[in-house]
Structures are given as structure tokens and as C-alpha cells.
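Biologist: I'm new to this one, could you walk me through it?
Modeller: Gladly, have a look at it here and then ask away.

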Amino acid sequence: MNRPKTLNAWTQGMMQNLQSQFERANNDDKVKVMILTGTGKYYCAGVELKSMIKPMHPKKLHDLIRRKNQQLFDMFLDMKKPVIAAVNGPAIGASVTSAVLCDAIVASESATFSTPFARLGVPPEGCSSVHFERIFGQQNADRMMGPEAWVPTAKEAVALGFVHSVADDEDLLKTSHDLAREWIQTGKQREIGPLKGGPDITAEYKLVNAKESIDLADAFLGDDFLEGQRAFLSSKGKTGPAMVFSILKLTRPIWGMLLPSKGTGS
């Protein structure tokens, strides 16, 4: 991921490129392990919303959000080769939940893991509604995704069980490559997350992802999210964009009638 000026936030074009790279790795017999990392100080700041949300018919926008979110995480779930997330700095939102779907996370000492879904007014995504609790329990899952929005450090993430190991910042890629070579030598097969889920977990999580993607699309076009974005932009002094969200919230009773029924996606 090589957009350091924008903290490697995922645009639609970037996600399409990742999709093609994942497909190429899946279909290339010479590729045994895939390593995903970022450039600059951040691993990834999550999905860049302005690249996703564009003016269009509300039902069409809802479907776009649902499809893009589902495709993003299905990309990780459908990966046939082992994947290492070499997290080189702070990771936010979807970049955290997708990394936890990889076979292992190798984190730099400067890495942190932020999933502030409650504060953003959105539900969990990337199968985290199920996956996080299974790895480190409901209490810790609530701390990360709920109102507290706890941001574990790399060492705390190791203790929670979702990070494999921590390396000095300058040694991150070497440590990741060493782990990849070890896996190649032992013939390691693809497994979902630190719980080492197999095909049964992949099938279950694809259903979870589909449901979460509908819920996320509902939330993105809901009052709580619109108000959250207005308040955030206002706090940053961005009065123009904040006004857009104010208008969207005020007019939602009208355009909201064009949305699919909540929880159905259709």
C-alpha cells in the first residue's frame, strides 16, 4: 500500500488494485505466501469515505456501499495462499479487521490497532462482530469496538492473541520474510486468523460478512452516522462539508423513503 501522503487510506481504485494482486497471487503457483504492508508512518487509515460515497440515488448508493464492503473482506476470505499482514504503523478500521483475517500479523513497535466503530456510528465489519469475541473475548471486543474505542499497542495486541509477533520498525519486513520462509518450508496452508480457521470458518464468515455489509450500508445512510460526520467535520473547522452532512440529516426523512428496508439490502 503506497499512498503515504493519505496514510494509505483505501480508495476504490486502491481496493481494485489489491483485488487484482490477490487474484494474481492466487493463480500463480510460484507464489507461496503473500505479505501485505504499507509505506510511510501508517499501515492504513481504513477506507477513504469520500471515494466511496458519491451523489446518486439512495438505493443505488446503499447497494454500492454494501457490495464494496462485502467484496473487500471476501477478498481476504477467498485468498488461497497464506497471508502475513506486516503492520508498519497505526492501523484503523477495515485495515485492522482485514489484517486479523490474515494468517498472522507481524507488527512494528509503532503499530496500533483502532476500530472506533461505535464512535463513528457504524456497526462492526470484516467479520469482527464474531471474530473478535472468539479471539480475545467479549469484554475486550467491546473495549475496542464500543464507546471506549480502546486502541491496543502492538505488545498489547500480542497479549490479546491477534498479533503473532512484534519487530523493531526497521526489522519488520525481515521478520515477516523469515516467517514466510518458515511457512514455505513446513508447507503451511491458508488459515483464517489466529484461531486457524479452515473452509468451514471461511463459509461461515462469508455469511457474517454479507450480513455485516448490509448493516454497514444501513448505518452509513442513517442519522447517527450523518450526525457523527457533521460533528467531526465541524470540530476540524470544515464548515462546508459539515453543512453537507447537516443537510443530508435534515432531509433524510424524504430521501430515506427511497432506501431498502433496514436489514434486508433490497
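Modeller: What follows is a talk about salt bridges, charged patches and one alanine, and please keep in mind that this is a predicted model.

Biologist: Let's start with the charges, then. How many salt bridges are there?
Modeller: The count comes to 15 salt bridges, and I can take you through a few of them.

Biologist: What does Lys211 form a salt bridge with?
Modeller: Lys211 pairs with Asp215, and the closest N and O atoms of the two are 2.8 Å apart.

Biologist: And how are Lys211 and Asp215 placed in helix α9?
Modeller: Helix α9 covers residues 199-220, and because Lys211 and Asp215 are four residues apart in that helix, about one helical turn separates them.

Biologist: Are those two buried or exposed?
Modeller: Something in between, in fact: Lys211 is partly exposed, with a relative accessible area of 43%, and Asp215 is also partly exposed, with a value of 24%.

Biologist: Moving on to helix α10, what is Arg230 bridged to?
Modeller: Arg230 forms a salt bridge with Glu227, where the closest N and O atoms are 2.7 Å apart. Both residues lie in helix α10, three residues from each other, which is about one turn of the helix. Arg230 counts as partly exposed at 24% relative accessibility, and Glu227 is partly exposed too, at 26%.

Biologist: Which lysine forms a salt bridge with Glu227?
Modeller: That is Lys249, and for this salt bridge the closest N and O atoms are 3.4 Å apart. The pair links distant parts of the chain, since Lys249 sits in helix α11 while Glu227 sits in helix α10, with their positions 22 residues apart in the numbering. Lys249 itself is partly exposed, with a relative accessible area of 32%.

Biologist: Which residues are linked in a network of salt bridges?
Modeller: Asp103, Lys188, Arg190 and Glu191 are joined in such a network.

Biologist: Okay, on to the surface. Which residues form the positive patch?
Modeller: The positive surface patch is made up of Lys50, Lys54, Lys236 and Lys238. Of these, Lys238 is found in the loop between α10 (223-235) and α11 (239-255), and Lys238 is partly exposed, with a relative accessible area of 47%.

Biologist: And which ones form the negative patch?
Modeller: Glu109, Asp168, Asp169, Glu170 and Asp171 form the negative surface patch. To take one of them, Glu109 has its place in the loop between β4 (104-108) and β5 (113-114), and Glu109 is partly exposed at 48% relative accessible area.

Biologist: Switching topic, where is Ala157 found?
Modeller: Ala157 is in helix α7, which runs over residues 154-160.

Biologist: Why is Ala157 called buried?
Modeller: Ala157 counts as buried because its relative accessible area is 0%, and the cut-off for that class is under 20%.

Biologist: What is Ala157 in contact with, leaving aside its neighbours within four places in sequence?
Modeller: With those neighbours set aside, Ala157 is in contact with Phe113, Pro152, Phe162 and Val163.

Biologist: How far apart are Ala157 and Phe113?
Modeller: In sequence, Ala157 and Phe113 are 44 residues apart, whereas in space they are 7.9 Å apart, taken from C-alpha to C-alpha.

Terms used
Residues are numbered from 1 along each chain as its sequence is written. This is a predicted model: local features need pLDDT of at least 70, side-chain atom pairs count only at pLDDT 80 or more; totals for chains, interfaces and linings use all residues. Side-chain values use heavy atoms; hydrogens and water are left out. Helices (H or I, at least four residues) and strands (E, at least two) are DSSP runs, numbered from the N terminus. Buried means under 20% relative accessible area, exposed over 50%, partly exposed in between (1.4 Å probe, protein chains only). Contact means heavy atoms within 4.5 Å. Patches are made of residues with over 30% relative accessible area and no salt bridge: like charges are joined within 9 Å, nonpolar side chains (Val, Leu, Ile, Met, Phe, Trp, Tyr) within 5 Å. Accessible areas come from the Shrake-Rupley method with a 1.4 Å probe; for residues, only the protein chains shown count as cover. A salt bridge is a side-chain nitrogen of Lys or Arg within 4 Å of a carboxyl oxygen of Asp or Glu. Lys and Arg count as positive and Asp and Glu as negative; His and the chain ends are not counted. The place of a charge is taken as NZ of Lys, CZ of Arg, CG of Asp or CD of Glu.
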